[in-house]
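User: Hi! I'm new to reading structures, and I'd like to understand the reasoning behind the labels people use. Could you walk me through this one?

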Amino acid sequence: YKSHLRAAFMAIEPHTGHIKAYVGGPNYRYFKYDNVRQGKRQVGSTIKPFLYTLAMQAGMSPCDKVVNVPQTFIVNEEETWTPASTDKDEWIGQTVTLKWGLTKSSNNISAYLMKQFGPDAMVDMMRKMGIGSALDPVPPLCVGAANISLYEMVAAFNTFPSKGVYVRPIFVTRIEDNAGNVLATFTTKKRESISDHTAYLMAAMMQGVINSGTATSLRGRFGLTGEIAGKTGTTNNNADGWFIGYTPELTAGAWTGFENEQIHFQY
């Protein structure tokens with residue numbers, strides 16, 4: 001059982017928050033655990049859109065250019081931390097746009113943005129977008145060092161197609177008795193998290209991930225067409241695999257991994 005893949009999937013409607021699909025695990029008969037809400041795993045690069053959202057909200061543009069070089073953070077008087085580069089050797093030292101940085105999921109560019117805004121500001125942005133899990137305001141947050149549930153991540157990403165409005169997912173809209181009488185009705189809660197302009201810029205950048213970035217297999221291998229935006233994510237030693245994406249009418253996310261994080265995918 002330890003070597004069996006676990007999986008979770010959730011899909012919601014952007015403007016209503018109605019849950020359209022919810023898969024908590026492979027088989028409840030054998031795995032009585034909800035990986036959508038109970039399970040919290042490191043999110044890897046799926047955390048990066050929150051940092052880019054912070055940059056866009058602060059007035060930066062997807063076209064802003066930076067030099068792609070490793071970034072070093074001072075931990076204390078004796079220790080520093082430099083995020084491992086995920087870029088090809090020929091990309092290092094090149095001047096690139098922020099859109100390129102998100103499209104290629106560059107750790108160097110994420111670290112650059114973390115230096116500009118700081119971990120506390122990133123945590124504040126994630127809170128605004130609906131992330132309630134514990135978040136340590138430290139530099140490694142920029143590359144995904146946080147355990148968050150799929151439920152929270154899908155709801156937060158849904159802010160982008162919802163034009164900046166956070167919509168809390170809702171399971172039940174009404175309860176009726178056996179005669180069809182409505183006993184109770186329920187509506188979701190909404191709040192403005194980011195500006196609609198920021199949401200528009202992020203949607204445009206995250207389409208690049210699908211069209212020419214780390215999720216191009218959605219186009220080439222699986223033949224999906226239409227407007228799609230999203231972000232991939234993997235964690236140390238390939239222990240977790242994430243994808244969260246959206247169309248104008250659906251936001252969905254998937255996680256897969258193992259119960260024990262020491263068991264992981266092949267490289």
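Analyst: Happy to! Keep in mind that this is a predicted model. A search of the whole structure finds five salt bridges, so those make a good starting point, since a salt bridge needs a side-chain nitrogen of Lys or Arg within 4 Å of a carboxyl oxygen of Asp or Glu.

User: What makes Lys2 and Glu259 a salt bridge?

Analyst: Their side chains come to 3.0 Å, N to O. The cut-off is 4 Å, so the pair qualifies. Lys2 sits in the segment before strand 1 and Glu259 in the segment after strand 15, 257 residues apart. Lys2, Glu259 and Arg6 are also linked in a network of salt bridges.

User: Why is Lys2 called partly exposed?

Analyst: Its relative accessibility is 45%. Buried means under 20% and exposed means over 50%, so a value in between is called partly exposed. Glu259, with 42%, gets that label too.

User: How do you know which label fits each partner in the pair of Glu261 and Arg41?

Analyst: Let's take them one by one. Glu261 has a relative accessible area of 43%, so it is partly exposed. Arg41 has 10%, which is under 20%, so Arg41 is buried. Their closest N and O atoms are 3.4 Å apart, and they form a salt bridge. Glu261 lies in the segment after strand 15 and Arg41 in strand 3, so the pair ties together parts that are 220 residues apart in sequence.

User: What makes Glu176 and Arg174 a salt bridge?

Analyst: The closest N and O atoms are 2.7 Å apart, and that is within 4 Å, so the name fits. Glu176 has a relative accessible area of 39% and Arg174 has 49%. Both values fall between 20% and 50%, so each residue counts as partly exposed.

User: Which residues have the most contacts inside the largest nonpolar core?

Analyst: They are Phe50, Met126, Leu141 and Met153, in a core of 59 residues. Among the elements that give two or more residues to this core are strand 1, helix 1 and strand 14. Helix 6 gives the largest share, eight residues.

User: What does Leu141 touch?

Analyst: Leaving out residues up to four places away in sequence, Leu141 touches several residues, including Ile47, Met114, Pro119, Met122, Val123 and Met126. Leu135, Asp136 and Ala146 are on the list as well. A contact here means heavy atoms within 4.5 Å, so each of these residues comes within that distance of Leu141.

Note on methods: Residues are numbered from 1 along each chain as its sequence is written. This is a predicted model: local features need pLDDT of at least 70, side-chain atom pairs count only at pLDDT 80 or more; totals for chains, interfaces and linings use all residues. Side-chain values use heavy atoms; hydrogens and water are left out. A nonpolar core is a set of buried Ala, Val, Leu, Ile, Met, Phe, Trp, Tyr and Cys residues joined through side-chain atoms within 4.5 Å. Buried means under 20% relative accessible area, exposed over 50%, partly exposed in between (1.4 Å probe, protein chains only). Helices (H or I, at least four residues) and strands (E, at least two) are DSSP runs, numbered from the N terminus.
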